[in-house]
Amino acid sequence: LAGTRIICDRKFLLECKNSPAARTPPCCLPQTPGVTSLAQSSLAKLEELKERNESEEAVPGEQPRAMAP
């Protein structure tokens with residue numbers, strides 16, 4: 001089978017990544033949590049970790065825990 005081979009050099013491909021078309025997602029792309037958008041559970045976990053870290057910093061008098069070797 002004979003076909004047409006398209007050959008692009010490295011410089012051209014690097015220039016293409018900065019084009020507006022390359023930065024715009026397709027209009028018909030489905031919203032898949034964890035693939036095309038952050039999963040809701042991931043967002044909830046990030047918020048929970050942030051709140052937990054803030055509450056641990058707010059507790060005065062506790063000694064910092066040593067890391068296990």
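Just 1% of the 69 residues in the protein chain are buried. This is a predicted model. The protein chain has 3 helices and 0 strands. Its exposed surface comes to about 7,200 Å².

**Overall build**
- Read from the N terminus, the elements of the protein chain run α-α-α.
- Carbon and sulfur atoms supply 59% of the area that the protein chain exposes.

**Confidence**
- The average pLDDT of the protein chain is 75.
- A score of at least 70 is reached by 70% of the residues.
- Helix H1 (residues 10–16) has the highest confidence, at a mean of 92.
- Helix H3 (residues 40–58) has the lowest, at a mean of 72.
- Predicted coordinates should not be read in detail where pLDDT is low.

**Arg 23, in helix H2**
- Helix H2 covers residues 20–23, and Arg 23 lies in it.
- Is Arg 23 buried or exposed? Its relative accessibility is 61%, and the cut-off for exposed is over 50%, so Arg 23 counts as exposed.
- Setting aside neighbours within four places in sequence, Arg 23 is in contact with Lys 17 and Asn 18.
- With Asn 18 there is also a polar contact, side chain to side chain, at 3.4 Å.

**Cysteines**
- How many disulfides does a search of the whole structure find? The search finds 0.
- Cys 8 is in no disulfide. Its nearest cysteine sulfur belongs to Cys 16 and is 7.0 Å away. A disulfide needs two cysteine sulfur atoms within 2.5 Å, so this pair does not count.
- Cys 8 has a relative accessible area of 37%, which makes it partly exposed.
- Cys 28 is in no disulfide either. The nearest cysteine sulfur is that of Cys 27, 4.8 Å away. The cut-off is within 2.5 Å, so this pair does not count either.
- Cys 28 counts as exposed because its relative accessibility is 66%, and the cut-off is over 50%.

**Thr 36, in a loop**
- Where is Thr 36 found? Thr 36 sits in the loop between H2 and H3.
- Thr 36 counts as partly exposed, with a relative accessibility of 35%.
- Leaving out neighbours within four places in sequence, the contacts of Thr 36 are Leu 29, Pro 30 and Gln 31.
- Pro 25 is 11 residues from Thr 36 in sequence. In space, the two are 9.5 Å apart, C-alpha to C-alpha.

How values were computed:
Residues are numbered from 1 along each chain as its sequence is written. This is a predicted model: local features need pLDDT of at least 70, side-chain atom pairs count only at pLDDT 80 or more; totals for chains, interfaces and linings use all residues. Side-chain values use heavy atoms; hydrogens and water are left out. Helices (H or I, at least four residues) and strands (E, at least two) are DSSP runs, numbered from the N terminus. Buried means under 20% relative accessible area, exposed over 50%, partly exposed in between (1.4 Å probe, protein chains only). Accessible areas come from the Shrake-Rupley method with a 1.4 Å probe; for residues, only the protein chains shown count as cover. Contact means heavy atoms within 4.5 Å. A polar contact is a pair of N or O atoms within 3.5 Å; within protein, one must be able to donate a hydrogen and the other to accept it, and residues adjacent in sequence count only if both atoms are side-chain atoms. pLDDT is the predictor's confidence in each residue, from 0 to 100.
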